[in-house]
Structures are given as C-alpha cells and as structure tokens.
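User: I have a structure open and want to get my bearings. Can you take some questions as I go through it?

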Amino acid sequence: MSDLSPDIDTSRPHPARMYDYFLGGKNHFAADRETAEKVLAIAPTTRITARENRAFVGRAVRYLVAEAGVRQFLDIGTGLPTAGNVHDVAQAVDPAARVVYADNDPLVLTHARALLTSSPEGRTAYIQADLRDPATILSSPTVRDVLDFSQPVALITVAVLHFIHDESKPTAILQTLLDALPSGSYLAASHITGEHLPSETATEGTRTYRSSGMSLQVRDSDEFAALAFSGLELVPPGVVLVSDWRSQDSGPRPTPGEVNCYGGVARKP
C-alpha cells in the first residue's frame, strides 16, 4: 500500500477498516487491528455480528430489486469493497441497476475505483462523503448523474447509524436524505445494540471505540426504530435481529447475544 493517498491516516483506526478486519479482509492497518482486537477481547462474537450484518445487506438488496422493484441505490457508509457489494447483488437480479456508494474513508475510494465496477447495462459510482453532511451527498454531481430522483431510490445506511451520537441529530440527517427521495423509495438500515449483552460488556465496548477517537452509541430496538423508520412503512418482519430478517437458512441460528445488531427495511409512503 505504498501508493496511499496522503489523506489516509493509518495511525488512527477507522470503522470501515475495522469492519473489514472483522469480516476477514486484508485492507486494514496496525491501528485498526489493535483496536479491533481490543473489541474482540471484550465482545468475542463481533465477527459473527459483522457476518450476519453483511448477509442482511444481501437479503435486503435482493428483496428491494426482486420484490419491491427498486433499481437505484444510494449506499452511505458502504465500507471497503468485499464479496456481495450492493451493486453485485442488485445487478445479479437486474443488470441495469444503478448504485452510488459514499464513505468518509479515503481508502475506500482507492479500492472502489478498481473494484466497484458495474455491469455494462447499469451504473456504479463512488463519492467520498460523510453521512453527517447529507446536503453535500445530495448535491453531488456524481449522485445526480447516476441516480434519477424522480424515480424510487433505496437508501442504505447499514452499520453506520451507531457512529452518530444523538447530539449530531441522526434523525434529522436521515430525514434530509429521505425528503429528497420520491414516494415509493425505501430505507434499509441496521444498528448495533447492547440489549443482549451484559451491561458492562456494552459499556466497555463503547468506551474502547470512543477512546480510539470513534464515536459510538448503542441503541435498543425501539430507539433504532424511532430513529430510522418513523413515518415509514416497515416491510415485514419489521425491526428484528439482522439474522432473522427474511432468513432463508434452515440451519442453526446464532443467538441474540452473538448477533447484537438490528435491521429493517421500510418504504416511504
């Protein structure tokens, strides 16, 4: 990684690179691994959480294309490219699907340029942007070029809302984004929780992230539902553990304490 952009700070951990580490990827640095190992020492099931969350993304996107008829996606906080990216799943159902990815880690841009390649019929694009600045995302020429805001768009905010504290007004951020989308658009979101962990484990995990310079706020299922889905029509089964959202797996399921992450999909009326 000798050709890294000077914007990439390898001395500080980043959630996207830690998530890549939890998933077994290779795009991370010593600071990411060190903090990730501290998290795993506190909550050893974090790798299961990451895998189940990733599987939820795939099922949600397949539903949105195959059943809800959505052909456009705005994925914010996408993380590093890995197997089963949103465009991979969407374009496997309809090659003409269009996807814009946004993440605030410049390393994601470096990899996205090479790996997030569209089918000939569709479009994919990437912008470096932060969920905390929705106006910049919505006004991006790239976003406006790839997505048609007169047609339904699926907004994807998976495993990112828990990095936004209440004082940063995450509900208002989502509302700004959803207000820009037409009726018939969707939101797919997930959020970690401490409900199924001993309170000291959740507290210590949160402290580890914050002491490393990353904001983190766990929320329970009701808090997450109110934050993300107020005024929207939840798709059955509603807000559930990501492992339980339209799972097709007939084998043993992980326990709630191993998953610790809620997800849901909802339609804008």
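Analyst: Yes; the questions below deal with an internal cavity and then with some strands.

User: Before that, what kind of model is this?

Analyst: This is a predicted model.

User: OK. How many cavities of 30 Å³ or more are there?

Analyst: The search of the whole structure finds 1 cavity of 30 Å³ or more. The largest cavity holds about 60 Å³ of space.

User: How does anyone find empty space in there?

Analyst: Rolling a probe the size of a water molecule over the atoms shows where empty space is left.

User: Which residues line the largest cavity?

Analyst: The lining consists of Ala16, Tyr19, Asp20, Leu23, Arg54, Thr78, Gly79, Leu80 and Thr82. By class, 4 are nonpolar, 3 are polar and 2 are charged.

User: And which helix gives the most to that lining?

Analyst: Helix 1, residues 15-22, gives the most, with 3 residues.

User: Switching to strands. Strand 8: why is it described as largely enclosed?

Analyst: Strand 8 covers residues 261-267, and 6 of its 7 residues are buried, so the rest of the structure largely encloses it. Buried here means under 20% relative accessible area.

User: Which way does strand 5 run against strand 8, parallel or antiparallel?

Analyst: Antiparallel: strand 5, residues 186-192, is joined to strand 8 by 7 bridges. Within that pairing, serine 190 stands opposite glycine 263 of strand 8.

User: What about strand 6 and strand 8, how many bridges there?

Analyst: Strand 6, residues 233-234, has 2 bridges to strand 8, and the two run antiparallel. Glutamate 233 has arginine 267 of strand 8 as its bridge partner.

User: And strand 7?

Analyst: Strand 7, residues 240-241, also runs antiparallel to strand 8, with 2 bridges. The bridge partner of valine 240 in strand 8 is glycine 263. Glycine 263 came up before, opposite serine 190.

User: Now strand 2. Why would you call it largely enclosed?

Analyst: In strand 2, residues 98-103, 5 of the 6 residues are buried, so the rest of the structure largely encloses this strand.

User: How many bridges does strand 2 have with strand 1?

Analyst: There are 5 bridges between strand 1, residues 72-76, and strand 2, and the pairing is parallel. Leucine 74 has valine 100 of strand 2 as its bridge partner.

User: And strand 3, parallel or antiparallel to strand 2?

Analyst: Parallel, over 6 bridges, with strand 3 covering residues 123-128. Aspartate 103 stands opposite glutamine 128 of strand 3.

User: Where do side chains point in a strand, generally?

Analyst: In a regular strand the side chains alternate between the two faces of the sheet.

Technical notes
Residues are numbered from 1 along each chain as its sequence is written. This is a predicted model: local features need pLDDT of at least 70, side-chain atom pairs count only at pLDDT 80 or more; totals for chains, interfaces and linings use all residues. Side-chain values use heavy atoms; hydrogens and water are left out. On a 1 Å grid over the protein atoms alone, a cavity is a set of points where a 1.4 Å probe fits but cannot get out, and a pocket is an open set with protein on both sides within 12 Å along at least five of seven lines; lining residues have an atom within 4 Å of a point. Grid points are joined across faces, edges and corners, and a volume is the space filled by probe spheres set on the points. Helices (H or I, at least four residues) and strands (E, at least two) are DSSP runs, numbered from the N terminus. Ala, Val, Leu, Ile, Met, Phe, Trp, Tyr, Cys and Pro count as nonpolar, Asp, Glu, Lys and Arg as charged, and the others, Gly among them, as polar. Buried means under 20% relative accessible area, exposed over 50%, partly exposed in between (1.4 Å probe, protein chains only). Two strands pair if DSSP finds at least two bridges between them.
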